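Colleague: Could you walk me through the charged pairs and the cysteines here?

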Amino acid sequence: RRVHGGKSKKNNSTRTRKKMTDYAVILADAEKFVKEHMSAYDASHDWLHVLRVRENALQLAKAEGFEDIEVVELAALFHDVFDQKYSGSDTACGDAVSQFLMKHNYNEEKTKRILHVVQNVSYSKEVKNIKNNISVVMTPELAIVQDADRLDSLGAIGIGRTFAFGGTRNRELISTKAISDEDTSSIAHFFQKLLRLKEMMKTKTGKQMAEQRHNFMVQFVDQFYLECGSSVPPKPEFP
């Protein structure tokens with residue numbers, strides 16, 4: 001019995017090492033794939049954005065006691081591949097991620113969970129679903145990666161990313177007309193989306209982390225309007 005027990009432990013250890021090795025290979029390949037893909041994007045959605053979202057996601061997962069790190073990490077890495085803003089497709093991201101994971105013979109159940117995240121992580125998708133009364137299952141991994149992504153839209157980084165993206169689209173810093181839903185200026189984006197994110201966070205830790213970053217953005221917007229003076233309409237009320 002002692003011998004049999006020893007072999008069992010050894011076999012379990014071997015399987016664990018093999019599993020870790022397999023995931024390490026998939027992770028390395030995923031990092032390479034995503035890094036190469038994101039190199040075509042501007043600084044608002046580049047490889048560094050992905051790295052920050054992954055770090056946020058892993059921090060949230062740990063704080064929330066979520067143990068399936070593989071699903072969170074891979075979903076965070078893949079979340080902006082073939083982003084609709086750049087690809088023009090609502091399905092390209094899911095298709096690319098599905099093909100990648102199938103190619104690596106990744107666990108089918110975890111693949112479905114990762115696809116659920118990348119297909120539902122975006123702010124615009126959530127707003128559209130709410131408007132059309134479409135219900136989406138808020139899995140723990142979706143909540144974590146969604147919060148991680150939105151944290152990178154807040155605070156100093158969020159401000160920088162907003163103006164970086166606006167620059168690539170030749171957008172005005174601020175319009176001389178009152179802000180509306182049709183306003184495409186960079187400062188309008190704060191009222192249309194960014195200042196609403198704090199109330200849309202899903203995890204307890206995400207809500208706590210968003211608070212300070214949100215307050216920093218409020219201070220920035222106040223200062224921005226102060227420096228603009230009477231050249232633009234008065235600042236709207238915050239959402």
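Modeller: Here are some notes on salt bridges, burial and cysteines. This is a predicted model, in which local features need pLDDT of at least 70 and side-chain atom pairs count only at pLDDT 80 or more, while totals for chains, interfaces and linings use all residues. Residues are numbered from 1 along each chain as its sequence is written, and side-chain values use heavy atoms, with hydrogens and water left out.

Colleague: How many salt bridges does a search of the whole structure find?

Modeller: The search finds 16 salt bridges, each being a side-chain nitrogen of Lys or Arg within 4 Å of a carboxyl oxygen of Asp or Glu. One of them joins Asp-68 to Arg-113, with the closest N and O atoms 3.0 Å apart.

Colleague: Where do Asp-68 and Arg-113 sit in the chain?

Modeller: Asp-68 is in the loop between helix 2 (47–64) and helix 3 (69–78), whereas Arg-113 lies in helix 6 (residues 108–120), 45 residues apart; helices are DSSP runs of H or I, at least four residues, numbered from the N terminus.

Colleague: Buried or exposed, what are Asp-83 and Lys-85?

Modeller: Asp-83 is buried because its relative accessible area is 11%, while Lys-85 is partly exposed at 40%. Buried means under 20% relative accessible area, exposed over 50%, and partly exposed in between, with a 1.4 Å probe and protein chains only.

Colleague: Switching topic, how many disulfides does the structure hold?

Modeller: The structure holds 0 disulfides, a disulfide being a pair of cysteine sulfur atoms within 2.5 Å. Cys-93 is buried, with a relative accessible area of 9%, and Cys-228 is buried at 18%.

Conventions:
Helices (H or I, at least four residues) and strands (E, at least two) are DSSP runs, numbered from the N terminus.
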